[in-house]
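Reader: I am in my first year and would like to learn how to read one part of a structure with care. Could you take me through the charged side chains that pair with one another, and then show me what surrounds them?

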Amino acid sequence: MIKQLPSEKIKEYVKSNPKCVLLDVRTEEEYYGPLGHIDGSILIPINELEDRIDELHNNKITNIQ
């Protein structure tokens, strides 16, 4: 099951958990498009994730609960 959260809740979570890494896997067009993105998020489109996974190794991935 995929859990969807409002962007405001995600922003609050990221702000209160500075070690959190927010990974956005949309396309660059979606990331910079009309829906925008959350400041500080890392853009790695899903079709590039396997090749770019090393970019995340220096960061701690945290699940939002």
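Author: The side chains of Glu-55 and Arg-52 meet in a salt bridge, with 2.7 Å from N to O, and this is to be read as a feature of a predicted model. Glu-55 has a relative accessible area of 41% and is therefore partly exposed, since that label covers values between 20% and 50%. Salt bridges that share partners join Glu-48, Arg-52 and Glu-55 into one network. The other link of Arg-52 to be described here is with Glu-48, whose side chain meets that of Arg-52 in a salt bridge, again given as 2.7 Å from N to O. Arg-52 itself, with a relative accessible area of 24%, is partly exposed, and Glu-48, with 31%, is partly exposed as well. The general idea behind such pairs is that side chains of opposite charge can pair when their charged atoms come close.

It helps to look at the helix beside this network. Helix H3 covers residues 49-52, and Leu-49 lies in it. Leu-49 has a relative accessible area of 18%, so it counts as buried, because buried means a value under 20%. Leaving aside residues up to four places away in sequence, Leu-49 touches Leu-23, Ile-44 and Leu-56. Another link across the sequence can be followed from Leu-49 to Val-25, for these two are 24 residues apart along the sequence, while their C-alpha atoms are 7.8 Å apart in space.

A search of the whole structure finds four salt bridges, and one of them deserves a careful comparison with the network just described. The side chains of Asp-24 and Arg-26 meet in a salt bridge at 2.8 Å, N to O, and the side chains of Asp-24 and Arg-26 are also listed as making a polar contact at 2.8 Å. Which of these partners is buried, and which is partly exposed? At 12% relative accessibility Asp-24 counts as buried, whereas Arg-26, at 24%, counts as partly exposed. The cut-off of 20% is what separates the two labels.

Asp-24 has its place in strand E1, which is made of residues 23-24. If residues up to four places away in sequence are not counted, Asp-24 touches Tyr-31, His-37, Ser-41, Ile-42, Leu-43, Ile-44 and Pro-45. Ile-44, in that list, is also among the residues that Leu-49 touches, and you can use Ile-44 as a landmark when you turn from Asp-24 to Leu-49 in the structure.

Tyr-31, another of the residues touched by Asp-24, leads on to a pair of rings. The count of aromatic pairs comes to one. The rings of Tyr-31 and Tyr-32 have their centres 4.9 Å apart and their planes at 85 degrees, so the pair is edge-to-face; the reasoning rests on the rule that planes over 60 degrees apart are given that name. Are Tyr-31 and Tyr-32 buried or exposed? Tyr-31 has a relative accessible area of 5% and is buried, while Tyr-32, with 55%, is exposed.

For one further example, towards the N terminus, consider Ile-10, which lies in helix H1, residues 7-16. Ile-10 is buried, with a relative accessible area of 16%. Ile-10 and Leu-22 are 12 residues apart in sequence, and from C-alpha to C-alpha they are 8.8 Å apart in space.

These details can now be placed in the whole. The secondary structure of the protein comes to three helices and two strands, and from the N terminus on the elements run α-β-α-β-α. Of the 65 residues in the protein, buried ones make up 22%, and Asp-24, Tyr-31, Ile-10 and Leu-49 are examples of that label. The protein exposes about 5,500 Å², of which carbon and sulfur atoms supply 51%. Among the contacts with a separation of 6 or more, residues 24 or more positions apart account for 32%.

Finally, a word on confidence in the prediction. The protein averages a pLDDT of 85, and 88% of the residues score at least 70. Among its elements, H1 has the lowest mean pLDDT, at 88, and helix H2, residues 28-31, has the highest, at 96.

Conventions:
Residues are numbered from 1 along each chain as its sequence is written. This is a predicted model: local features need pLDDT of at least 70, side-chain atom pairs count only at pLDDT 80 or more; totals for chains, interfaces and linings use all residues. Side-chain values use heavy atoms; hydrogens and water are left out. Rings of Phe, Tyr and Trp (its six-membered ring) pair if their centres lie within 6.5 Å; planes under 30 degrees apart count as stacked, over 60 as edge-to-face and the rest as tilted. Buried means under 20% relative accessible area, exposed over 50%, partly exposed in between (1.4 Å probe, protein chains only). Helices (H or I, at least four residues) and strands (E, at least two) are DSSP runs, numbered from the N terminus. A polar contact is a pair of N or O atoms within 3.5 Å; within protein, one must be able to donate a hydrogen and the other to accept it, and residues adjacent in sequence count only if both atoms are side-chain atoms. Contact means heavy atoms within 4.5 Å. Accessible areas come from the Shrake-Rupley method with a 1.4 Å probe; for residues, only the protein chains shown count as cover. pLDDT is the predictor's confidence in each residue, from 0 to 100.
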